[in-house]
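Please read the points below with the model open beside you. They run from the overall layout to single residues.

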Amino acid sequence: MLEEESEVAIDSTGLETHHISSHFVKCSKRPSYFRRTWPKITVVCDTRTHLIASCIVTRGPSYDFGLFQEPLSRAFKQLPLKRILADAGYDSESNHRVAREVFGIETMIKLNLRGFKKQPHGNYRRQMNNEFDKDIYNNRWQIESLFSRNKRLLGSALRNRTDTSRQQEWLLRTLTHNLMIIRLAA
């Protein structure tokens, strides 16, 4: 089912903590603690099969670039990787360096020029600016499809209240998601 070396994508999504929608919370003038934080899931998935290789649960809102190394190292333990695709939220020289020098995989991370029109700083970011391949990067949308399917079939809210129990609940959803993919492929 998996190739010898996998192309993976990394991204994050937010999940709700209540069974009521965020639109309802906003319109009903609920107290601000209903809107303060939410579970943020960072996932690394195979772009061809949509199998989840690794995931972590943190609290949002937060920046994505700091949530790169841990899920990548977990995915690297699960399967051989040849390339990782990521949106501009993960663009930093340190993320390129970790992926290429520590794990030995190619990166295709969209540049976040941060409002500047000049050449980006850092060797790997400059290389990404010069050699960015849109055809390869277009596979990144596969992770968005994974999130959409997962929320549609398994719900968009985590019911548990503590960080530990939310982590466990998301791991069960990941296992369920992967089993559904394997069952469809059989």
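1. Helices (H or I, at least four residues) and strands (E, at least two) are DSSP runs, numbered from the N terminus. By that reckoning Glu106 is found in strand S5, residues 106-109; point 6 returns to this residue.

2. Some ground rules come next. This is a predicted model, in which local features need pLDDT of at least 70, side-chain atom pairs count only at pLDDT 80 or more, and totals for chains, interfaces and linings use all residues. Residues are numbered from 1 along each chain as its sequence is written, and side-chain values use heavy atoms, with hydrogens and water left out.

3. The chain holds 7 helices and 5 strands. Along the sequence they come in the pattern β-α-β-β-α-β-α-β-α-α-α-α. Of the 186 residues, 45% count as buried; buried means under 20% relative accessible area, exposed over 50%, and partly exposed in between (1.4 Å probe, protein chains only). Contact means heavy atoms within 4.5 Å. Among contacts between residues at least 6 apart in sequence, 64% join residues at least 24 apart. The chain exposes about 10600 Å², and carbon and sulfur atoms supply 52% of that area. Accessible areas come from the Shrake-Rupley method with a 1.4 Å probe; for residues, only the protein chains shown count as cover.

4. The strands form an open sheet of 5, in the order S3-S2-S1-S4-S5, with mixed pairing. S3 and S5 stand at the edges with a single partner strand each, so one side of each has no neighbour in the sheet. From one strand to the next the twist averages 20°. Two strands count as paired if DSSP finds at least two bridges between them. Axes are lines fitted to C-alpha atoms, for helices over the stretch in contact, and angles run from 0 to 180 degrees between N-to-C directions.

5. Which strands flank S4 in the sheet order? They are S1 and S5. S1 and S4 pair in the parallel sense over 5 bridges, and 4 bridges join S4 to S5, also running parallel. On the S1 side, Glu7 stands opposite Arg83 and Val8 stands opposite Ile84. On the S5 side, Arg83 stands opposite Glu106. S4 is largely enclosed by the rest of the structure, because 5 of its 6 residues are buried.

6. Is Glu106 buried or partly exposed? Glu106 is partly exposed, with a relative accessible area of 32%. Leaving out residues up to four places away in sequence, Glu106 touches Lys82, Arg83 and Ile84. Its C-alpha atom is separated by 6.4 Å from that of Ile84, 22 residues apart along the chain. With Arg83 there is also a polar contact, side chain to side chain, at 3.4 Å. A polar contact is a pair of N or O atoms within 3.5 Å; within protein, one must be able to donate a hydrogen and the other to accept it, and residues adjacent in sequence count only if both atoms are side-chain atoms.

7. Helix H2 spans residues 69-78, and Pro71, Leu72 and Ala75 in it are buried. These residues lie on the same side of H2, because they cover an arc of only 100° around the axis; the arc is that of the directions from the helix axis to the C-beta atoms. The buried residues of H2 pack against S1 (6-14), S2 (38-46), S3 (52-60), S4 (81-86) and helix H3 (93-102).

8. Within H2, Leu72 has 0% relative accessibility and counts as buried. Apart from residues up to four places away in sequence, Leu72 touches Val44, Leu81, Ile84, Ala99, Phe103 and Ile105. The C-alpha atoms of Leu72 and Ala53, 19 residues apart along the chain, are separated by 8.9 Å.

9. Another helix also meets the sheet. H6 (residues 141-154) lies across S1, S2 and S3 and runs at about 50° to S1.

10. The last residue to inspect is Ser12, in strand S1. Which side chains make polar contacts with the side chain of Ser12? One is that of Thr42, at 2.8 Å, and another is that of Tyr90, at 2.8 Å. Ser12 is buried, with a relative accessible area of 14%. Beyond four places in sequence, its contacts include Lys40, Ile41, Asp64, Leu67 and Phe147.
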